[in-house]
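Student: I should like to learn how the features of a structural model are read. May we work through one together?

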Amino acid sequence: MSCRAILIFAFQPSIDEKRIKEVLTGRYIHHGENIILLDPTGVGKTHLATSMTVEVLTQGHTALYITANDFIS
């Protein structure tokens, strides 16, 4: 398990470890899928998004952060 994954689980132990490990593989990118994080304020979405982004960047991919408003527009 990568150091980033360990930090994610330490920060928010209630998240689904299996799902996060799958996302960190970057397979969703090869399948043409996106990741959207929806949750209340203060639960760690930005922390999780940053960790996921760093992981896919190390795999040679790019990333884009947009707000929900921009996504809908």
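**Reading the fold, a helix and a pocket**

Tutor: Let us begin with the chain as a whole: in this predicted model, 53% of the contacts in the protein chain with a separation of 6 or more are made by residues 24 or more positions apart. Buried residues make up 22% of the 73 residues. The accessible surface comes to about 5,500 Å², and carbon and sulfur atoms hold 58% of that area.

Student: How many helices and strands does the protein chain have?

Tutor: The protein chain has five helices and zero strands. Along the sequence, this gives the pattern α-α-α-α-α.

Student: How does one read the two sides of a helix, and which residues of H2 are buried?

Tutor: The general idea comes first. An α-helix has 3.6 residues a turn, so residues three or four places apart point the same way. In this structure, helix H2 spans residues 17-25, and its buried residues are Ile20, Val23 and Leu24. These three lie on the same side of H2, because they cover an arc of only 100° around the axis.

Student: Which residues are exposed on the other side of H2?

Tutor: Lys18 and Arg19 are exposed there.

Student: What follows H2?

Tutor: Gly26 follows H2, and its phi is positive, near 80°.

Student: Let us turn to pockets. What is the volume of the largest pocket, and which residues lie nearest its centre?

Tutor: Again, the principle precedes the case. Rolling a probe the size of a water molecule over the atoms shows where empty space is left. Here the largest pocket has a volume of about 890 Å³. Its lining consists of 25 residues, and those nearest the centre are Ile35, Ile36, Leu64, Tyr65 and Ile66. Helix H3 (27-30), helix H4 (45-58) and helix H5 (68-72) are the elements that give two or more residues to this lining. H4 provides the largest share, six residues.

Student: How do the residues of that lining divide into nonpolar, polar and charged?

Tutor: The lining of the largest pocket has 16 nonpolar, seven polar and two charged residues.

Student: Finally, a residue in a loop. Where is Val43 found, and how is its exposure classed?

Tutor: Val43 is in the loop between H3 and H4. Its relative accessible area is 26%. Since buried means under 20% and exposed over 50%, Val43 counts as partly exposed.

Student: How far apart are Val43 and Ser14, in sequence and in space?

Tutor: Val43 and Ser14 are separated by 29 residues in sequence, while their C-alpha atoms are 10.0 Å apart in space.

Technical notes: Residues numbered from 1 in each chain as written. Predicted model: local features only at pLDDT ≥ 70, side-chain atom pairs only at ≥ 80, totals over all residues. Heavy atoms only, no water. Buried < 20%, exposed > 50% of the residue type's maximum accessible area, 1.4 Å probe, protein only. Helix = DSSP H or I, 4+ residues; strand = E, 2+ residues; numbered from the N terminus. Arc of directions from axis to C-beta. 1 Å grid on protein atoms, 1.4 Å probe; cavity = no way out; pocket = protein on both sides within 12 Å on 5 of 7 lines; lining within 4 Å. Points joined across faces, edges and corners; volume = space filled by probe spheres on them. Nonpolar A, V, L, I, M, F, W, Y, C, P; charged D, E, K, R; others polar. Contact = heavy atoms within 4.5 Å. Areas by Shrake-Rupley, 256 points an atom, 1.4 Å probe, with all protein chains shown as cover.
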